[in-house]
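User: Please take a close look at the internal cavity of this model and at the packing that surrounds it. I would like one connected account, going from the cavity outwards.

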Amino acid sequence: MIRLEKVSYSYPDGTSALENVTLAIKKGEFVGIIGKNGSGKSTLALHLNGLLKPQKGKVMVRGMDTRDLEKLQGIRKFVGIVFQNPETQFVGRTVEEDLAFGPENLCLPPVEIRKCVDTALAETGFEKYRYRSPKTLSGGQGQCVALAGILAMRPECLIFDEVTSMLDPNSGAAVLKRIKKLQRKGKTIVYITHNLEELHAADRIIVMEKGRIILEGDPESVFSDASLQNLGLTLPSLFELAVRLKAHGVTIPWEKASSPDCFAEEICQLFLKK
């Protein structure tokens, strides 16, 4: 679906953001990308739909080269990005107008635009906010409207760049729940975060450092890698607790460390067996 081949990119001040990155993202995957600030995560995201062009190497999206200007509209219809601050994406006076902006730019007929907007509102559960100004919404609501605005363009791949970092825990959990629901419906998800707690259900995690991919694998193997903590990244609390319990002879299966409820249930079962 998306393929990066030996991609390198430096900013005008000479800062190297990506260095020889090779990566393939498959259809329907939930790929988590983690790393400290300045590791290259956001720069990588901007390459995935052509907002930035590689200075070396190439990025192919469904067979389309992001350096080909004639292909950019098709690429950006296929890959949508939701950024950290939703206000940077609001252009309409109302939620409805904001959602219609993308399909209008794709030159869709009015009837099709209406259908895109209605479907995006239904998928996010935001029908009742149709006539509200985006500026009157809370942070979590605004992030969901930004998501709906991207969904109105019907992308197959969705990139989320630190979308919960400015939200309270409840709002962040609600946004993440909607994202996981989209993956179950067949969307490809690229989820950039510094919070490893959000990536337990990812199919694959990519760890970046100084513009390079230094570690890659399923969540259990990545979280178990000792080098992760050397990068200053905090392990998910339940996984860390499971590791400490294992050192004392108590084994908690990986899948049971996915939520406090599952973890507590496993602990109770262990006590009942005694």
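Analyst: What follows starts at the cavity and moves out through the cores, the aromatic pairs and a few single residues.

The model is a predicted one. A search of the whole structure finds 1 cavity of 30 Å³ or more, and its volume is about 40 Å³. The residues that line the cavity are Glu 123, Thr 124, Leu 147, Leu 151, Arg 178, Lys 181, Leu 182 and Lys 185. Two or more lining residues come from each of helix 4 (110-124), helix 5 (139-151) and helix 6 (169-184). Helix 6 gives the most, with 3 residues. By class, the lining is made up of 3 nonpolar, 1 polar and 4 charged residues.

Two of the lining residues, Leu 151 and Leu 182, are also touched by Leu 158. Leu 158 sits in strand 7 (residues 157-161) and is buried, with a relative accessible area of 0%. Its other contacts, not counting residues up to four places away in sequence, are Gly 80, Ile 150, Lys 187, Thr 188, Ile 189 and Val 190. As a distance across the model, the C-alpha atoms of Leu 158 and Leu 238 are 28 Å apart, with their positions 80 residues apart along the chain.

Another lining residue, Leu 147, is in contact with Phe 160. Leaving aside neighbours within four places in sequence, Phe 160 also contacts Val 82, Ile 179, Ile 189, Val 190, Tyr 191 and Ile 192. Ile 189 and Val 190 thus appear in the contacts of Phe 160 and in those of Leu 158.

Phe 160 leads on to the nonpolar packing. The largest nonpolar core has 46 residues, and those with the most contacts inside it are Phe 160, Tyr 191, Val 207, Phe 223 and Leu 228. Helix 5 gives the most to this core, with 7 residues. There is also a second, separate core of 29 residues, which includes Val 7, Ala 45, Leu 48 and Ile 81.

Phe 160 and Tyr 191 belong to an aromatic cluster as well, in which ring pairs link them with Phe 30. Over the whole structure, the search finds 7 aromatic pairs. One of them is formed by Phe 239 and Trp 254 and is edge-to-face, at 5.4 Å centre to centre and 75° between the planes. Phe 239 lies in helix 9 (residues 237-247) and Trp 254 in the loop between helix 9 and helix 10 (260-273), so this pair ties together parts that are 15 residues apart in sequence. Both partners fall below the 20% limit for burial: Phe 239 is buried at a relative accessible area of 8%, and Trp 254 is buried at 17%.

Back at the helices around the cavity, helix 4 and helix 5 are among the elements that cover the buried residues of helix 3. In helix 3 (residues 95-105), the buried residues are Val 95, Glu 96, Asp 98, Leu 99, Ala 100, Gly 102 and Pro 103. Just after helix 3, Cys 107 takes a positive phi of about 65°.

The loop between helix 4 and helix 5 contains Glu 127. At a relative accessibility of 40%, Glu 127 counts as partly exposed. Leaving aside neighbours within four places in sequence, Glu 127 is in contact with Leu 121 and Ala 122. The C-alpha atoms of Glu 127 and Met 1 are separated by 32 Å, and the two residues are 126 residues apart along the chain.

Two further residues have backbone angles to set beside that of Cys 107. Lys 6, in strand 1 (residues 2-10), has a phi near 50°, a positive value in a residue other than glycine. Arg 62 also has a positive phi, near 50°, and is likewise a residue other than glycine. Its place is in the loop between strand 4 (56-61) and strand 5 (64-65). Lys 6 is exposed, with a relative accessible area of 57%, and Arg 62 counts as exposed at 52%.

In short, the cavity is lined by residues that include Leu 147, Leu 151 and Leu 182. Leu 147 is in contact with Phe 160, while Leu 151 and Leu 182 are touched by Leu 158. Phe 160 is one of the residues with the most contacts inside the largest nonpolar core.

Conventions:
Residues numbered from 1 in each chain as written. Predicted model: local features only at pLDDT ≥ 70, side-chain atom pairs only at ≥ 80, totals over all residues. Heavy atoms only, no water. 1 Å grid on protein atoms, 1.4 Å probe; cavity = no way out; pocket = protein on both sides within 12 Å on 5 of 7 lines; lining within 4 Å. Points joined across faces, edges and corners; volume = space filled by probe spheres on them. Helix = DSSP H or I, 4+ residues; strand = E, 2+ residues; numbered from the N terminus. Nonpolar A, V, L, I, M, F, W, Y, C, P; charged D, E, K, R; others polar. Core = buried A, V, L, I, M, F, W, Y, C linked by side-chain atoms within 4.5 Å. Buried < 20%, exposed > 50% of the residue type's maximum accessible area, 1.4 Å probe, protein only. Contact = heavy atoms within 4.5 Å. Phe/Tyr/Trp six-rings, centres within 6.5 Å; stacked < 30°, edge-to-face > 60°.
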